[in-house]
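Hi there,

Here is the structure I promised to pass on to you. Have a look at it first, and then read on for what turned up.

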Amino acid sequence: MSAALTVWVQGIGLWAPGAADWHAFGDIVARGAEPSATTRPPAEILPPNERRRAPESVLLAATAAGQAVRMSGLDAATLPCVFSSAHGDQAITDYMCETLASAPRELSPTKFHNSVHNAPAGYWTIATHCHASSSAVSGGEYAFGAGLLEAATLAVADDHPVLLACYDIAGTGPLGSMTSTTGAFALAFVLSPHAHGAAARMDLSPEPCNTGAEASGHAWLDALAASNPSARAVPLMAALAKTHATALRVPAAHELDLHIDLGYPT
Amino acid sequence: MPHPMSPLAVRAYTATSALGHGLAAHAEALALSRGGLRPNDISSAPLDCWIGRVDGVEQVALPGPLAEWDCRNNRLAWLALRQDGFMDAVRDARARYGASRVAVLLGTSTASIGATEEGYRRLDHGRMPADLHRPVLHTPHSLAGFVATVFDLEGPCLTVATACSSSAKVFANAERMIRLGLVDAAIVGGTDTLCDSVLFGFNSLELVSPSPCRPFDAERDGISIGEAAGFALIERPQEDDDAPLFIGYGEASDAHHMSTPHPEGLGAELALRDTLDRAGIEAIDVDYINLHGTASQKNDEVEAALVTRFFPDTTRASSTKGFTGHTLGAAGILEAVMTLLAMRDGVVPANLGGTTPDPHCGAQMAWHAERADIRIALSNSFGFGGNNACLAFSRQGGAA
């Protein structure tokens, strides 16, 4: 059966507690390194004043996105972008709901405009002077699979490389107990409809049924995957880090998987 | 440069807003130039402003199996879904194509955050109260999850949350998925409801008017926030199809500022050009534009200047936010529906609330309702973060 969508991975980015970038993740997964101390996502692509003002979700997404674009060698200004997150900036939502319950007129205007789900897309396009289309999406617990499907669809439909960043920060307060997100995680891809210069190939096909998560037996990876909806990407990221030519499934909706065949240019 | 798109049929559509439930209420309000704004009577603390509130949401009862999803936003969605035969149209598409071949692609800016706010107002020992211990509500994906559950659909299910362009952009998502054969039909649209987050949030930015909003008026002093739900079912047209057609879209970013539009409307113009290219039309072909026209100082200045320099005087243009308020993430679908009604009924909606034209306005502005033969129309939706979208529709397949 031929795949519904074929995209080529031209850039990869990742930030996890203990793995500050994609290479550090690869060292842990493929080369037996220990996770390092957790550092603040550097978001080097943002100008310093924006970096100071930006909330954690923006720093996280911009950190992974910046790595992926750098690896691709493409100009971020030309890349349509899709930012996907199950819950957006939960810390700001927690702040907003707490403030609204006690002193609604004291709501911070900066926090409010940082609260929109497309804040990372906004900061990113401003920082990179990107006038291409930008989107901010969610698929709840399946935000990674849904975002991957959307980004691959956009790349193939418009025959142009697309940046995907998928991120979630840890939940806080009463909201945090509803979202069960215990740690931060972000990944990013530059996905191209063409093979040129790609690190890997993904053949994607939506398939009925959501088969759920499977433990890998690697304690750090399994804990990471369970900590955060965006980290449902972890098995895929581990396969990419090990350059495994393999097939796996990623949940993309309540009753839908993305079947992914991974291959590598020789 | 994008290739022209193959037009898609808008098989069914509906909207519910401060103007009433369903298409007939909206068509009547547009024909009579009768708005739906009222003094704010919904925020948890007093706030001096006008709102577009939907009557009857409080009385909506979700059926037992959907009880987990109960909140104001999903009640409004449920109310809207049951108008104009929309549920039957979706069930018919599901029967024809299969549950996994109909996508759910919905826009919202705050989804059911009203339920999260309520939980924080009555915390139980610092925790979410037991009756709101429902994780499906405390996420931006609540609306799309709800609608997929209502119709028992098993295909792609995506929330687009790009603030005020959200439920316009979902039309683009649908076109891509249908063109690539991932699905055969898509429910597009969106829902946003009045809640403290948006009322006090926009108030904190000093963007809310104490009076009913006056889009494109020289004396305008801010937006009026509203709530709405709207949905459309998109699929490939059949031969001799008499459904209105979705013929083009454009999406672009300002890359300028989080809460202020680009001063020359750069992103808006890019989205507009993208739309005309994909539709294979030129500015002179456009009979009507439903403008974003929020009544904020900056948006209206920039958008008026864009229309003035880009379109001939024969193109008529108006904002309908004076009727409904700015319904944020639902504005894209609500105004797409207004545009489809304008084409269906041959009525250019009045730019309600505006009396003294902003100096940037050109002769395109329809300050009062007009009769017109509208064959091709656009709808603009611009959001926070410089997120711009534009949609193009034509009245009917071939028979126009």
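In which sense do strand β11 (residues 288–290) of chain B and β15(B) pair, and over how many bridges? The two strands run parallel, and 3 bridges link them. Before I go further, please keep in mind that this is a predicted model.

Let me stay with β15(B) for a moment. This strand covers residues 376–383 of chain B, and 8 of its 8 residues are buried, so the rest of the structure largely encloses it. Neither face is left open: B:Ile376, B:Leu378, B:Asn380 and B:Phe382 are buried on one side, while B:Ala377, B:Ser379, B:Ser381 and B:Gly383 are buried on the other.

β15(B) also has a partner in strand β16 (residues 387–394) of chain B. Those two run antiparallel and are joined by 8 bridges. A handy residue to click on is B:Leu378, which stands opposite B:Ile289 in the pairing with β11(B) and opposite B:Ala392 in β16(B). Between β15(B) and β16(B) there are 3 residues, making the pair a hairpin. In that turn, B:Gly385 has a positive phi of about 75 degrees.

At the start of chain B, have a look at strand β1 (residues 8–17). β1(B) is mostly covered, with 10 of its 10 residues buried. Its pairings in chain B are antiparallel, and here are three to look up:

- With strand β9 (residues 228–235), β1(B) shares 7 bridges; B:Ala15 has B:Gly230 as its bridge partner there.
- With strand β10 (residues 245–253), β1(B) shares 2 bridges; B:Ala9 is matched with B:Leu245.
- With strand β2 (residues 20–21), β1(B) shares 2 bridges; B:Thr16 faces B:His21. These two strands form a hairpin with 2 residues between them.

Now to the place where the chains meet. How many residues does each chain bring to the contact? Chain A contributes 58 residues and chain B contributes 60 residues. On the side of chain A that touches chain B, several elements supply at least two residues each, including α4 (90–102), α6 (119–128), α7 (143–158), β3 (134–138) and β6 (200–208). The element that gives the most is α7(A), with 8 residues. By type, this side of chain A divides into 32 nonpolar, 21 polar and 5 charged residues.

There is strand pairing across the two chains as well. β3(A) and strand β6 (residues 157–160) of chain B pair in the antiparallel sense, over 2 bridges. To find the spot, look for A:Val137, which stands opposite B:Val160 in β6(B).

One more stop, this time in chain A. Why can helix α10 (residues 234–241) be called largely enclosed by the rest of the structure? The reason is that 6 of its 8 residues are buried. The buried ones are A:Val234, A:Pro235, A:Leu236, A:Met237, A:Ala238 and A:Leu240. Just past the end of α10(A), A:Thr243 takes a positive phi of about 40 degrees.

If you open just one view, I would suggest the spot where β3(A) pairs with β6(B). Happy browsing, and do write back with any questions.

Best wishes

Technical notes
Residues are numbered from 1 along each chain as its sequence is written. Chains are lettered from A and ligands numbered from 1 in the order in which they are written. This is a predicted model: local features need pLDDT of at least 70, side-chain atom pairs count only at pLDDT 80 or more; totals for chains, interfaces and linings use all residues. A residue is buried if 20 or more other C-beta atoms lie within 10 Å of its own, exposed if 12 or fewer, and partly exposed in between; C-beta atoms are placed from the backbone. Helices (H or I, at least four residues) and strands (E, at least two) are DSSP runs, numbered from the N terminus. Two strands pair if DSSP finds at least two bridges between them. Two residues are in contact if their C-beta atoms, placed from the backbone, lie within 7 Å. Ala, Val, Leu, Ile, Met, Phe, Trp, Tyr, Cys and Pro count as nonpolar, Asp, Glu, Lys and Arg as charged, and the others, Gly among them, as polar.
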